[in-house]
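Trainee: I'm new to this one. Could you take me through a close look at a single part of it, slowly and in plain words?

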Amino acid sequence: MELICEKAIGTCNRPLGAGEALRRVMECLASGILLPGGPGVHDPCEREPTDALSSLTVQQREAITHSAQHALRLSAFGQIYKVLEMDPLPSNKSFQKYPWSGTDKEVGPGHLLSERGHRSRDTV
């Protein structure tokens, strides 16, 4: 794992934040680098080209690739908390009132949605 992280992060031409570094490692794994026929991960300590992950079965390699692809999808849709197995952070996004609902809901800073779906300038 250290070799993959070093290659994925070390080959970037600029410093990366933690989130960007995690995404780059996941993108590397999701690309199929571990799959049979892929480039694999070469052990830099060996003189001869040696796959550092030769102990992994094909099924394990496919599972890692699939998990990384799924993690990227979750991240792209704002659900990184599921990948990290933590509670979601509180959202500060605006929400709307549905026409069948009897209550007003905030739709933007200082705006309410009226009964007919029009914005009013009332503050919440």
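Mentor: Happy to. Let's start with Thr65, which is buried, because its relative accessible area is 4% and the cut-off for buried is under 20%. Keep in mind as we go that this is a predicted model.

Thr65 lies in helix H3. Leaving aside residues up to four places away in sequence, Thr65 touches Leu29, Ala30, Gly32, Leu34 and Leu35. Two of those names, Leu29 and Ala30, turn up again when we look at how H2 meets H3.

So let's look at that pair of helices. Helix H2 covers residues 18-30 and helix H3 covers residues 58-76. Their axes are 8 Å apart, and the two pack at an angle of about 135°. Is that parallel, perpendicular or something else? An angle over 145 degrees would count as roughly antiparallel, and 65 to 115 as roughly perpendicular, so H2 and H3 come out as oblique to each other. As for its hand, the crossing of H2 and H3 is left-handed.

Now, who does the touching? On the H2 side you'll find Arg23, Met26, Glu27, Leu29 and Ala30. Across from them, H3 brings Ile64, Thr65, Ala68, Gln69, Ala71, Leu72, Ser75 and Ala76. Sort the residues of this contact by kind and you get eight nonpolar, three polar and two charged. Our starting point, Thr65, is part of the H3 list.

Stay in H3 for a moment, as Arg61 is found there too. Is Arg61 buried or exposed? Arg61 counts as buried, because its relative accessibility is 9%. Again skipping residues up to four places away in sequence, Arg61 touches Leu34, Leu35, Asp51, Leu53, Ser54 and Leu56. Leu34 and Leu35 are on the list for Arg61, and they are also on the list for Thr65.

Next to look at is Pro36, which is found in the loop between H2 and H3. Pro36 counts as exposed, because its relative accessibility is 55%. Try finding Glu62 from there: Pro36 and Glu62 are 26 residues apart in sequence, and their C-alpha atoms are 9.1 Å apart in space.

Let's step back to see where this part sits. The protein has four helices and three strands, and from the N terminus on the elements run α-α-α-α-β-β-β. Of its 124 residues, 22% are buried, and Thr65 and Arg61 are among them. Take the contacts with a separation of 6 or more: residues 24 or more positions apart account for 30% of those.

Two more stops before you explore on your own. One is Glu85, in the loop between helix H4 (80-83) and strand S1 (106-108). Its phi is near 55°, a positive value in a residue other than glycine. Glu85 counts as exposed, because its relative accessibility is 74%.

The other stop is the cysteines. How many disulfides are there? The count is zero, going by a cut-off of 2.5 Å between cysteine sulfur atoms. Cys12 counts as buried, because its relative accessibility is 17%, whereas Cys45 is exposed, with a relative accessible area of 70%.

To get your bearings again, go back to Thr65 in helix H3 and follow its touches to Leu29 and Ala30, both of which belong to the H2 side of the contact.

Technical notes. Residues numbered from 1 in each chain as written. Predicted model: local features only at pLDDT ≥ 70, side-chain atom pairs only at ≥ 80, totals over all residues. Heavy atoms only, no water. Axes fitted to C-alpha atoms, helices over the stretch in contact; angles between N-to-C directions. Parallel < 35°, antiparallel > 145°, perpendicular 65-115°, else oblique. Left-handed = near helix turned anticlockwise from the far one by under 90°. Contact = heavy atoms within 4.5 Å. Nonpolar A, V, L, I, M, F, W, Y, C, P; charged D, E, K, R; others polar. Buried < 20%, exposed > 50% of the residue type's maximum accessible area, 1.4 Å probe, protein only.
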